Amino acid sequence: MSTIPTLPKVRASELVGRGWLNTGGRELQLADLRGKIVVLDFWTFCCLNCLHVLDELRELEEAHRDVLVIVGVHSPKFAHEADPEALAAAVERYDVRHPVLDDPELVTWDAYTARAWPTLVVVDPQGYVVAQMAGEGHASAVAALVRELVAEHEAKGTLHRGDGPYVAPTPEPTTVRFPAAAVELPGGNLLVADAGHHGLAELAPDGETLVRRIGSGERGLVDGGPAPDGTHAARFSEPNGLCLVPDALRERLGYDVLVADTVNHTLRGVHLESGEVYTVAGTGRQYMVGGHENVEVPGEQPRAHPSEEELSASTVRLSSPWDVAWSEPLSAFVVAMAGNHTLWAFDPVASDEDGSLRLLAGTMNEGLEDGPGAAAWFAQPSRLAPTLDEDRRPDGGFWLADAETSALRRVTPAGAADVDVSTAVGQGLYDFGHRDGTAAEALLQHPLGVATLPDGSAVVADTYNGALRRYDPRSGEVTTLATGLAEPSDVLVQEGEGRVHLLVVESAAHRLTRVALPADLVGRVLDGGAHRVAREATEIAGGTVRLEVPFTPAPGQKLDDRFGPSTELRISATPPELLLDGAGDGTDLVRDLRIDPAVAEGVLHVTAKAASCDLPPQDVALGPDGEPEDFFPACHLAQQDWGVPVTVTADGAATLTLPLRG
């Protein structure tokens, strides 16, 4: 019997946008895909949750290419993401192997009533919508739906097997491909996180001449070193961050560089002399917020991670670590964990022989909130750089490029184990632009990099503005040092001969570029305007509004309450006065909100999670308690954070529906 929900038949809307990528120049229509199962993936390339979903769907996509067509509908958040050249680069950067519709005006986004990045919509071979899902963790559900739809439509004769419309592009060869970060080695060479080649590249001091590669160049998680034939056994997956190990620790640890291997969800150690690569933290699986399998101890059932617990580094899952930096006061490496909006501390010489990991700062909510580490909110924390004291010496703190809030944050040690977080530049998740001036007025656009200048000021790789920006903490002013760069993702400060140069990692140009600083370090003052995310606001009524988050377990699964309530709903608002009642945490996915009609507009912040597990086979033996024997069901966690812009009107909707899976 089919477990596909019986819903009113709704025809899928036409796919409308500016153009197509990965189709060999062909314009596609839904009629061209009739007979195939179609999954529409609404994404934007700044969104790490969207990139997680791309990775979740890779195996499914490869396994069912004869019956399944995934179509990426790129609906941009930031202004830069609406640039067709930037989108084309992102499709190549993230190895997207399916057609992509460029939807800069959010026409198709609105037609499918998408309200969150990412959103998945499943369309059957006859062109009807059968499911809509928001957030991460839906791979098993999509796989189950595909199996059922294949069986149903093969029996009906409405399934057509064969090649889909995907046409692979041919990239031009370059020494480095979408480089992410660089560090200067003791001998003067440069080590580059060569994300597009899934490895590391050692370059001569000129930043161009290749000395050697570390890694095979193939995506994967494999340790090892160079072979006599010149190949390299190790594999990475889009490494992003690099940190030199302090001299005093190198011999003890056996590696000289620590690498944030982002898509592998691991930290890797590299011994420079031998070229050997080791996995030193992480299991290779993604940490899921609220999940019950985030700690994997050999010989034990996976379990949840209490946030205050210090864990063996080899047993805890990580979530897209983006950068690492050594902290002397903490005696640990600080890890910018972009995937769950947190900072972690990795102590490589803890009493456990594997080292230890603990949550240092962040609630795992996405946003811009300052305060003690345990209460702070981040949004894709990316690059770290040391802060300096008044004598221009490292003071143990860090500048932090917080990408999704377009912010520069400051992380300050508070004792031997804690930190405080403050915002230097940035206004929130939905405000961005290119504006200089006072820090309170200045705007950035999705910065991924930051470095510290000799005078203690911060230079920001303002990635989506293609610029270098300087924040002077003494004056509180922001200026522009350089423009016209191709998605700068990191900056290396180089001093010599009485001058300061910035070595900029121009990721989208596949190169390292030197920029000479102006003698006075002040830079230009520019105003390229302010922007807000261009999504259409949802009109809601003042008074009582029912919020519904539908969730249906995938075929072959049920809600999983073995470890407590299977669902969770968290609601807040900006400004807080928008909600007279209904904020806070609960386990019911339906809640009545009381909206203040005097507040004209705002944002509802909604976080929903639902845990499900596999049903036992029908022939499995039952024990005395009636439960299946020798059956350990796999857990599946679906989760999504919505930021829903709303306007309060007299005739606004009294119900707001945000499908988690429905």
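A charge counts as sitting over a ring if NZ of Lys or CZ of Arg is within 6 Å of the ring centre and within 35 degrees of the ring normal. The exercises below use a predicted model.

**Exercise 1. Charges over rings**

Find which ring arginine 11 lies over, and which ring lies under the charged end of arginine 410.

Solution.
- Start with arginine 11. It lies over the face of tyrosine 128, at 4.2 Å from the ring centre.
- Now take arginine 410. Its charged end sits over the ring of tryptophan 399, 4.8 Å from the centre.

**Exercise 2. Classifying aromatic pairs**

Classify the pair of tryptophan 109 and tryptophan 117, then the pair of tyrosine 287 and tryptophan 344.

Solution.
- A ring pair is described by the distance of the centres and the angle of the planes.
- The cut-offs: centres within 6.5 Å make a pair; planes under 30 degrees apart are stacked, over 60 edge-to-face, the rest tilted.
- The count by this rule is ten aromatic pairs.
- For tryptophan 109 and tryptophan 117, the centres are 4.8 Å apart and the planes differ by 35 degrees, a tilted pair.
- Tryptophan 109 is buried at a relative accessible area of 2%. Tryptophan 117 is buried too, at 11%.
- For tyrosine 287 and tryptophan 344, the centres are 5.9 Å apart and the planes stand at 75 degrees, so this pair is edge-to-face.
- The second pair links distant parts of the chain, 57 residues apart. Tyrosine 287 is in the loop between strand S14 (277-281) and strand S15 (311-312), and tryptophan 344 is in strand S18 (residues 342-347).
- Both tyrosine 287 and tryptophan 344 are buried.
- Finally, look for a cluster. Ring pairs join Phe42, Trp109, Tyr112 and Trp117 into one.

**Exercise 3. The nonpolar cores**

Which residues have the most contacts inside the largest nonpolar core, and which elements each supply at least two of its residues?

Solution.
- The largest core has 43 residues. Leu15, Leu40, Phe42, Trp43, Phe45, Val71 and Tyr112 have the most contacts inside it.
- At least two core residues come from each of these strands: S1 (19-21), S2 (37-43), S3 (68-74), S4 (100-102) and S5 (119-123). Helix H1 (48-63) and helix H2 (84-93) each do likewise.
- A second, separate core has 28 residues, including Ala116, Ile571, Val648 and Leu656.
- Zoom in on phenylalanine 45. Beyond four places in sequence, its contacts include Leu51, His74, Ala86, Tyr94, Tyr464 and Glu487.

**Exercise 4. Strand S12 and its partners**

Work out why strand S12 (residues 257-261) counts as largely enclosed, and name the strands that pair with S12.

Solution.
- Five of the five residues of S12 are buried, so the strand is largely enclosed by the rest of the structure.
- In a regular strand, side chains alternate between the two faces of the sheet.
- In S12, Val257, Val259 and Asp261 point one way, Leu258 and Ala260 the other.
- One partner is strand S11 (residues 239-244), antiparallel, with five bridges. Here leucine 242 is the bridge partner of valine 259.
- Another is strand S13 (residues 266-270), also antiparallel over five bridges. Valine 257 stands opposite valine 270.
- The hairpin of S12 and S13 has four residues between the strands. Histidine 265 takes a positive phi there, near 55 degrees.

**Exercise 5. An open sheet**

Give the strand order of the five-stranded open sheet and identify the edge strands.

Solution.
- The order is S20-S24-S23-S22-S21, with antiparallel pairing.
- Strand S20 (371-372) and strand S21 (381-388) each pair on one side only, which puts them at the edges.
- S20 pairs with strand S24 (residues 418-425) over two bridges. Proline 372 has aspartate 420 as its bridge partner.

**Exercise 6. Two loop residues**

Serine 507 and proline 454: buried or partly exposed?

Solution.
- Serine 507 lies between strand S32 (499-506) and strand S33 (511-516). It is buried, with a relative accessible area of 2%.
- Among its contacts beyond four places in sequence are Arg93, Phe178 and Glu487.
- Proline 454 lies between strand S27 (449-452) and strand S28 (458-462). It is partly exposed, at 27%.
- The C-alpha atoms of proline 454 and arginine 392 are 7.1 Å apart, while 62 residues separate the two along the chain.
- Beyond four places in sequence, proline 454 touches Leu388, Arg392, Val493, Glu495 and Val500.

How values were computed:
Residues are numbered from 1 along each chain as its sequence is written. This is a predicted model: local features need pLDDT of at least 70, side-chain atom pairs count only at pLDDT 80 or more; totals for chains, interfaces and linings use all residues. Side-chain values use heavy atoms; hydrogens and water are left out. Rings of Phe, Tyr and Trp (its six-membered ring) pair if their centres lie within 6.5 Å; planes under 30 degrees apart count as stacked, over 60 as edge-to-face and the rest as tilted. Buried means under 20% relative accessible area, exposed over 50%, partly exposed in between (1.4 Å probe, protein chains only). Two strands pair if DSSP finds at least two bridges between them. A nonpolar core is a set of buried Ala, Val, Leu, Ile, Met, Phe, Trp, Tyr and Cys residues joined through side-chain atoms within 4.5 Å. Contact means heavy atoms within 4.5 Å.
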